Structure formats: structure tokens, C-alpha cells
Amino acid sequence: MASKLLLIGVFVLDLIAFGLAVAAEQRRSTAKIVPDRDENYNYCVYNSDISTGYGVGAFLFLLVSQIVIMVASRCFCCGKPLKPGGSRACAVILFIICWVLFLIAEMCLLAGSVENAYHTKYRTIIYNDPPSCETVRKGVFAAGAAFIFFTSIISKFYYINYSSARESFQPYLGGGETGVGMGTYK
């Protein structure tokens, strides 16, 4: 049986990551073009940079959540063998899907945080084109939040299927014999 305490702990981590990603989307930096006091140059003025911190926080909480699930399931690398059957097949498929969704979520959060932290530093002469005040596109952190949600669901199903396949495995004991079990030759 899957550990309920582990599932609750991972759920809390994923919930915090989701909340931080949504908060990062709501608090994205915005910029406006402002002339300097002599009105010779235009430059960009950015408001709050808090969404970078929210995005990095969501990144880290999702990373910890994934590490906890993979350590608990031994990432298919170590431990007892799994019972062949439906639970093991589902666990393998969910393992792959979980990692793909995790990587997409982490890329969205990291790209959004980096882009949000980047602020245009240069100035332009007032007669030239105004500066390009780069900001993160709307929906980058929201996409990260959506993939956090999907990763959360799939990782829990993966862990439950993995636990089911691990717990139900019974090695062949061969009726107490220590040698190789062989049938009669006909």
C-alpha cells in the first residue's frame, strides 16, 4: 500500500508550488517608458519584481516534490523487483509521463522567472524609436501552474501503481527447495 503520509506531504508541496506559480502569473512585472529629467533619453521603469521570486519558489517546491516521489519509489533503479502485470505497466507509463510533464513545468517556471528578472537597461535618444521594455509574456507562469497540476496528479498515480506492483510481488519459493525447479522430461 502506498504511504498516505508521503502522498499528503507531496500534495502539500505541489499545492504550494501551484499557488506560487499562480501568484507569479498575477504579479508579473510591467514596464513603462519614461523620459529622463532632461528629456534627452527614454528608459524603461519596471514595477515589482516579486514574480521572479514566486516563480523560483514554485520551481523549487515542484523539484522537491519530484525528488521525494522518486526517492520513495527508488526511480525503478533499486529495490525489490515489481510484479509483472497491469500495475507495473501503468507505473512505467506514468513514470515517463510524470517526467515529461515535470520537465515542461520546470522549463516554464524557469523561463518565466529568467525573463521576468531581465530588465532592459539601455536608453535611447528621444527622437529614435522608444526602448523595448521586455516583460514576460502573459501565460508563461500559468502554463507552469497547469503543468504543476498535471504533474501532481500523474506523480501520485505513478506512486500508487508502483507501490501496488512492489507490494504484490512474491518471489517463487519452489515449495521450499533451494535448487532450480525443473519439471520431468517427457
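The following exercises, each with a worked solution, concern a predicted model of one protein.

**Exercise 1. Overall architecture**

Determine how many helices and strands the protein has and in what pattern they follow one another.

Solution. Begin with the inventory: four helices and three strands are present in the protein. Next, place these elements in sequence order, which gives the pattern α-β-β-α-α-β-α. The contacts can then be examined by separation: among those in the protein with a separation of 6 or more, 81% join residues 24 or more positions apart. Finally, turn to accessibility. Of the 186 residues, 34% count as buried, and the protein exposes about 11400 Å², with carbon and sulfur atoms supplying 66% of that area.

**Exercise 2. Regions annotated in the record**

State which residues UniProt lists under "transmembrane region", and describe the chain over residues 56-77 and residues 140-159.

Solution. The first step is to consult the record: the unreviewed UniProt entry lists residues 56-77, 89-112 and 140-159 under this heading. The second step is to compare two of these spans with the model. Residues 56-77 are 82% helix and 0% strand, and their end C-alpha atoms lie 29 Å apart. Residues 140-159 are 100% helix and 0% strand, with 28 Å between the end C-alpha atoms.

**Exercise 3. An aromatic pair between helices**

Classify the aromatic pair formed by Phe-95 and Tyr-158, and explain which parts of the protein the pair ties together.

Solution. A pair of aromatic rings is described by the distance of the centres and the angle of the planes. The structure holds five aromatic pairs. For Phe-95 and Tyr-158, the centres are 5.5 Å apart and the planes make an angle of 50 degrees. Because the limits are under 30 degrees for stacked and over 60 for edge-to-face, the pair is classed as tilted.

The location of each ring comes next. Phe-95 belongs to helix α3 (residues 86-117) and Tyr-158 to helix α4 (residues 140-167), so the pair ties together parts that are 63 residues apart in sequence. Phe-95 counts as buried at 17% relative accessibility, and Tyr-158 is buried at 0%. Ring pairs also bring in Tyr-162, which forms a cluster with Phe-95 and Tyr-158.

**Exercise 4. Surroundings of Ser-73 and Ile-154**

Establish where Ser-73 and Ile-154 lie and which residues they touch, leaving aside neighbours within four places in sequence.

Solution. Take Ser-73 first. Ser-73 lies in helix α2 (residues 50-73) and counts as buried because its relative accessibility is 0%. With neighbours up to four places away set aside, Ser-73 touches Tyr-158, Tyr-159 and Tyr-162.

Then take Ile-154, a residue of helix α4. Its relative accessibility of 17% falls under the 20% limit, so Ile-154 is buried. Outside its neighbours within four places in sequence, Ile-154 is in contact with Leu-94, Ile-97, Cys-98 and Leu-101. Ile-154 and Ile-96 are 58 residues apart in sequence, with a C-alpha to C-alpha distance of 9.8 Å.

**Exercise 5. Two salt bridges**

Identify the partners in the two salt bridges of the structure and state whether the residues are buried or partly exposed.

Solution. Side chains of opposite charge can pair when their charged atoms come close. In one bridge, Lys-156 pairs with Asp-14, the closest N and O atoms being 2.9 Å apart. Lys-156 lies in helix α4 and Asp-14 in helix α1, so this pair ties together parts 142 residues apart in sequence. Both Lys-156 and Asp-14 are buried.

In the other bridge, Arg-28 pairs with Glu-25, and the closest N and O atoms are again 2.9 Å apart. Arg-28 counts as partly exposed at 22% relative accessibility, whereas Glu-25 is buried at 10%.

**Exercise 6. A nonpolar surface patch**

Name the residues of the nonpolar patch on the surface and find which helix supplies the largest share.

Solution. The members are Phe-18, Val-22, Phe-149, Phe-150, Ile-153, Phe-157 and Ile-160, which together have about 600 Å² of accessible area. Sorting them by helix shows that α1 (4-26) and α4 each supply at least two residues. The largest share, five residues, comes from α4. Val-22 may serve as an example from helix α1: Val-22 is partly exposed, with a relative accessible area of 34%.

Definitions and conventions:
Residues are numbered from 1 along each chain as its sequence is written. This is a predicted model: local features need pLDDT of at least 70, side-chain atom pairs count only at pLDDT 80 or more; totals for chains, interfaces and linings use all residues. Side-chain values use heavy atoms; hydrogens and water are left out. Rings of Phe, Tyr and Trp (its six-membered ring) pair if their centres lie within 6.5 Å; planes under 30 degrees apart count as stacked, over 60 as edge-to-face and the rest as tilted. Buried means under 20% relative accessible area, exposed over 50%, partly exposed in between (1.4 Å probe, protein chains only). UniProt positions are given in the numbering used here, feature names are shortened, and annotations may be inferred rather than shown by experiment. Contact means heavy atoms within 4.5 Å. Patches are made of residues with over 30% relative accessible area and no salt bridge: like charges are joined within 9 Å, nonpolar side chains (Val, Leu, Ile, Met, Phe, Trp, Tyr) within 5 Å. Accessible areas come from the Shrake-Rupley method with a 1.4 Å probe; for residues, only the protein chains shown count as cover. A salt bridge is a side-chain nitrogen of Lys or Arg within 4 Å of a carboxyl oxygen of Asp or Glu.
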